[in-house]
Amino acid sequence: MANAYLETMFSLSGKTAVVVGGTGVLGGALAEGLARAGAFVVVAGRGADRGQARVDAIRAAGGDGTFVSVDAIERESVKALLEATIHARGRADILVNCAGVNSSVPYFEIPDDDFAKVLDTNLKSTHIGCQVFGAHMASLGGGSILNIGSVSADKPLSKVFIYSASKAAVVNYTKNVARELAPKGVRVNVLCPGFFPAEQNRKILSPDRVATIMAKTPMNRFGNPEELLGAAILLCAPVAGSFITGAEVYVDGGFTGMSL
Ligand SMILES: NC(=O)c1ccc[n+]([C@@H]2O[C@H](COP(=O)([O-])OP(=O)(O)OC[C@H]3O[C@@H](n4cnc5c(N)ncnc54)[C@H](O)[C@@H]3O)[C@@H](O)[C@H]2O)c1
């Protein structure tokens, strides 16, 4: 009884989900989680080996998916990803925009090319994904897009100026696109993780920095990527998430709730 109810609420069975940046630590966990919830998952990214390994893990766990190479900041590449998804599955129901990059350079030394790289990877890729897949989902009359923000969207983080600005922009952008696509049946939300050790933040997490983060994290630990899955599945699920759009959901061990 309870299982049948949960299945109705949260199942992604029959859905096709595309995870851009599914080659990364958080994107990979999200890809596996959506597959466990029943979706066929297109793992999309730049590293074919890592992407294929994630597809293999999905299949080993009883799910299904495929890898498609994409450069998330190139519109033609994202269009080709949509075409490949339609070719394989006929449609795309869910998009997760999880490509991202970080950079930590002293404020007066931030080079312009660093600015462009962080803004392009975090914001422009989100914009292109929302436009290309949003138009497709609108033509189907429904779908769900999940963008990835950060706690730095709410409170700017020292040392990562452009990264914080890009994530604040992703949250703002998500709400605007949610308004635009709501009449077409497409929901758009943003998941904001706290601190999860990954490739893009490895160099930034020095012992001093970790101590500062823990002092401001009531749960006093890093997140585990699997701990993003409950919120992600809720936001993507057509039944449980049916009235949720434009939402900014923090999964951060209490970090954004702290003021001192
Ligand atoms: N790890 C954290 O603590 C944390 C916290 C908040 C937000 N985030 C966000 O989560 C997302 C995933 O980051 P992660 O921590 O898993 O890092 P990660 O470095 O493990 O993953 C990022 C992935 O994005 C891919 N990518 C970068 N540029 C790309 C492009 N142009 N085209 C295609 N793929 C591209 C990389 O190849 C990599 O696989 C990012 O948006 C990041 O900002 C992470």
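**View 1. Polar contacts of the ligand with Arg46, Val25 and Phe196 in a predicted model.** In this predicted model, an N or O atom in the side chain of Arg46 is 3.4 Å from a nitrogen atom of the ligand. A polar contact here is a pair of N or O atoms within 3.5 Å; within protein, one must be able to donate a hydrogen and the other to accept it, and residues adjacent in sequence count only if both atoms are side-chain atoms. Two backbone positions also appear: Val25 places an N or O atom 2.9 Å from an oxygen atom of the ligand, and Phe196 places one 2.6 Å from a nitrogen atom of the ligand. Of the 820 Å² of accessible area that the ligand has on its own, the protein covers 95% (Shrake-Rupley method, 1.4 Å probe; for residues, only the protein chains shown count as cover). Local features need pLDDT of at least 70 and side-chain atom pairs count only at pLDDT 80 or more, while totals for chains, interfaces and linings use all residues. Residues are numbered from 1 along each chain as its sequence is written, and side-chain values use heavy atoms, with hydrogens and water left out.

**View 2. The shell around the ligand.** The shell holds 26 residues, and Thr23, Leu26, Ala72, Tyr163 and Phe196 come nearest (near: a heavy atom within 4 Å). Helix 2 (25–36) and helix 6 (161–181) are the elements that give two or more residues to this shell; helices are DSSP runs of H or I with at least four residues, numbered from the N terminus. By class, the shell has 12 nonpolar, 9 polar and 5 charged residues (nonpolar: Ala, Val, Leu, Ile, Met, Phe, Trp, Tyr, Cys and Pro; charged: Asp, Glu, Lys and Arg; polar: the others, Gly among them).

**View 3. The largest pocket.** The ligand sits in this pocket, a term that requires more than half of its atoms within 2 Å of the grid points. A pocket is an open set of points on a 1 Å grid over the protein atoms alone, with protein on both sides within 12 Å along at least five of seven lines; lining residues have an atom within 4 Å of a point. The largest pocket holds about 1200 Å³ of space, the volume filled by probe spheres set on points joined across faces, edges and corners. Its lining has 48 residues, with Ala99, Gly100, Val101, Asn102 and Gln200 nearest the centre. Helix 5 supplies the largest share, 4 residues.

**View 4. The largest cavity.** A cavity is a set of grid points where a 1.4 Å probe fits but cannot get out. The largest cavity has about 60 Å³ of space, and its lining includes Asp114, Phe115 and Lys159.
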